[in-house]
Amino acid sequence: MPHHIVKLNTHGQGLYEFTYDVKQFVEEHAPSDALLTLFVRHTSCSLLVQENADSEVQSDMKAFFARLVPPTSDPSMSYLRHTYEGPDDMPAHIKAALTQTSIGIPVISGQMVLGTWQGIYLFEHRDRPHNRQVVLHLTSEA
């Protein structure tokens, strides 16, 4: 079955939409009905299907997770031991564990079945820039 790797360059924590890249892959390679699996090949970022109509949703998601899991420089996180890669590293692993590294999206009649306001995002949990890879894979019963 067809597969593809989407490469995303991030520049710090936040949500990076790549719905268009995925849509192009699906339109070029999807059989009529299939399951699209997306998998991010990293442990300090994650994948989300989230609203893409109002940018406040993305900024609020970032703010919520920053409050839920602050950096290790915050006194409330002093119990964490994995700190040698920076104060954002272990919190990034925790955020990735709370979200997801793989998403399945149905494809019907050659189109992803996303809702009207749904977009596909890489959720970067690290402060510094990273080069991320998301594997796209289509499967069908054909």
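In this predicted model, the largest nonpolar core has 23 residues. Phe 18, Val 22, Leu 36, Leu 38, Leu 122 and Val 134 are those with the most contacts inside this core. Two or more residues each come from β1 (3-10), α1 (19-29), β3 (34-40), β4, β5 (102-108), β7 and β8 (130-139). Of these elements, β3 gives the most, with 4 residues. In soluble globular proteins, nonpolar side chains tend to be buried together.

Val 134 shows how such a core residue is surrounded. Leaving aside neighbours within four places in sequence, Val 134 is in contact with His 4, Ile 5, Val 6, Leu 8, Phe 18, Leu 38, Phe 39, Val 40, Leu 47 and Leu 122. Apart from the largest core lies another core, of 6 residues, which includes Leu 15, Leu 48, Phe 65 and Phe 123.

Phe 65 leads to helix α2, where Phe 65 is buried along with Gln 58 and Met 61. Seen down the axis of α2, the buried residues fall within an arc of 60°, so they line one face of the helix. The cover over these buried residues includes β2 (14-17), β4 (45-51), α3 (89-98) and β7 (118-124). On the face turned away from the buried side, α2 carries the exposed residues Ser 55, Glu 56, Asp 60 and Arg 67.

The helix itself runs over residues 55-68, 14 residues in total. From first C-alpha to last, α2 reaches 20 Å, close to the 20 Å expected at 1.5 Å a residue. The N-terminal end of α2 is capped by Asp 54, with a side-chain oxygen 2.9 Å from the backbone nitrogen of Glu 56.

Terms used:
Residues numbered from 1 in each chain as written. Predicted model: local features only at pLDDT ≥ 70, side-chain atom pairs only at ≥ 80, totals over all residues. Heavy atoms only, no water. Expected span 1.5 Å × (residues − 1). Buried < 20%, exposed > 50% of the residue type's maximum accessible area, 1.4 Å probe, protein only. Arc of directions from axis to C-beta. Contact = heavy atoms within 4.5 Å. Polar contact = N/O pair within 3.5 Å; in protein donor to acceptor, adjacent residues only side chain to side chain. Core = buried A, V, L, I, M, F, W, Y, C linked by side-chain atoms within 4.5 Å.
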